[in-house]
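Here is a short set of questions and answers on a protein and its ligand. Look at the model first, then read on.

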Amino acid sequence: MNNNFYQLAPDLTICRIVTGMWQVAGGHGYIDHELAIAEMMKYHDAGFTSWDLADIYGPAEDFIGQLRRRLSALKGKEELDRIQALTKWVPQPGIITRSIVNENIDRSLRRMSVNSLDLLQFHWWNYNNPYYMDALKYLSDLRDQGIIKHIGLTNFDTERMRIIVDSGLQVISNQVQYSIIDRRPEEKMIPFCIEHNISLLTYGSLCGGLMSERYVGREPTTAELTTLSLRKYKQMIDAWGGWNLFQELLSTLKRIAQKHNVSIPNVATRYILAKSAVAGVIIGARLGIVNHINNNVQAFNLLLDKSDCDVIDAVCTKSNDLFEKIGDCGDEYR
Ligand SMILES: NC(=O)c1ccc[n+]([C@@H]2O[C@H](COP(=O)([O-])OP(=O)(O)OC[C@H]3O[C@@H](n4cnc5c(N)ncnc54)[C@H](OP(=O)(O)O)[C@@H]3O)[C@@H](O)[C@H]2O)c1
């Protein structure tokens, strides 16, 4: 997978398709731990060596620890250097003290069996509570001690990113929802990120799997929306312009996919990977239930041409403006 890597920082290079672990946290079918770890080995062997996780994603941090121990036992310690585990800290809003930060980061280190975190992505639920700045200050101190290699954010809007950057705190990334249908980052976030050399890691880029061949010509019934992500992104599609317009988009994507001999998810992934400031697209995996490794690897061989992007954009001009409707990145959580 040459050229499929992105240098987020001088000492942190990631695979541009990051495997997302929210799906192991529940609401996506039963996850068998043993099967999940075996599948993580397959992702790793296929070159998908970067993982997106969080302290609140059920056993995800423990899975990274187990993957590391298994890789070390089977292939030797040097194999561990190929993994990038990008976790998050998602505290409940409240007073944040240095010891709260230290305890939580310590726990993640222990669970993941690492001496330092590659990237700690920080989430904050409520901007009216100003302690996020304290949290970032204490996290920065841990970074200066080498316990965290880099600090990123998730679901922060541009206004708060500006406050953070203006106060001299250094962050290298923000993780936001960004897809062919949800282009809110283009309004303010991407220009800001370019100006300040901050990268985006994107989620929702496949709409939880709704942006795939499976749903061409077929609207899922409520009963068929069996996972949390299908429900989440069906709502996003409804806000964006509804199922009929989404069908028009899916058939357009299907034509482009057939032209390049790839899949709709490949087109959706590559479309976002080509956008400014985007370091990587996070694709969620229901580990041990189903994997799309062989299919998703094909996104790396795809190059969309201008006419492909023009027809996709033409469909999207008929949609609602999600920035107007929902707000900036992350506002859906607040
Ligand atoms: N920071 C945040 O607030 C936040 C929020 C949401 C997600 N995330 C991160 O982003 C990750 C991605 O999750 P997401 O919600 O954005 O979901 P997503 O990546 O848009 O969708 C993942 C689903 O797409 C389907 N899929 C993947 N590759 C496919 C292919 N080649 N062909 C057909 N279907 C395919 C799979 O469905 P099946 O399993 O049904 O086949 C998979 O479960 C999460 O795991 C998490 O790490 C972060």
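Q: In this predicted model, how do the residues of the shell around the ligand divide into nonpolar, polar and charged?
A: Gly counts among the polar residues here. Charged residues number 4 in the shell. The rest of the shell divides into 12 nonpolar and 14 polar residues.

Q: Which residues come nearest to the ligand?
A: There are 30 residues around the ligand. Five names stand out as coming nearest. They are Gln 23, Asp 52, Gly 204, Tyr 233 and His 292.

Q: Which residue has a side-chain N or O atom 2.8 Å from a nitrogen atom of the ligand?
A: A polar contact needs N or O atoms within 3.5 Å. Trp 22 has a backbone N or O atom 3.0 Å from a ligand oxygen. For Gly 209, a backbone N or O atom lies 3.3 Å from a ligand oxygen. The side-chain contact to the ligand nitrogen belongs to Asn 296.

Q: What percentage of the ligand's accessible area does the protein cover?
A: On its own, the ligand has 900 Å² of accessible area. The ligand sits in the largest pocket. The protein's cover comes to 94%.

Q: Which element gives the largest share of the shell around the ligand?
A: Two elements give two or more residues each: α10 (293–296) and β10 (278–284). The largest share is 3 residues. That share comes from β10.

Q: How many residues apart in sequence are the parts that Arg 111 and Asp 62 tie together?
A: The structure holds 24 salt bridges. One of them joins Arg 111 and Asp 62, with the closest N and O atoms 2.9 Å apart. Arg 111 lies in helix α3 and Asp 62 in helix α2, so the pair ties together parts whose separation in sequence is 49 residues.

Methods
Residues numbered from 1 in each chain as written. Predicted model: local features only at pLDDT ≥ 70, side-chain atom pairs only at ≥ 80, totals over all residues. Heavy atoms only, no water. Near = heavy atom within 4 Å. Polar contact = N/O pair within 3.5 Å; in protein donor to acceptor, adjacent residues only side chain to side chain. Areas by Shrake-Rupley, 256 points an atom, 1.4 Å probe, with all protein chains shown as cover. 1 Å grid on protein atoms, 1.4 Å probe; cavity = no way out; pocket = protein on both sides within 12 Å on 5 of 7 lines; lining within 4 Å. Sits in = over half its atoms within 2 Å of the grid points. Helix = DSSP H or I, 4+ residues; strand = E, 2+ residues; numbered from the N terminus. Salt bridge = Lys/Arg side-chain N within 4 Å of Asp/Glu carboxyl O.
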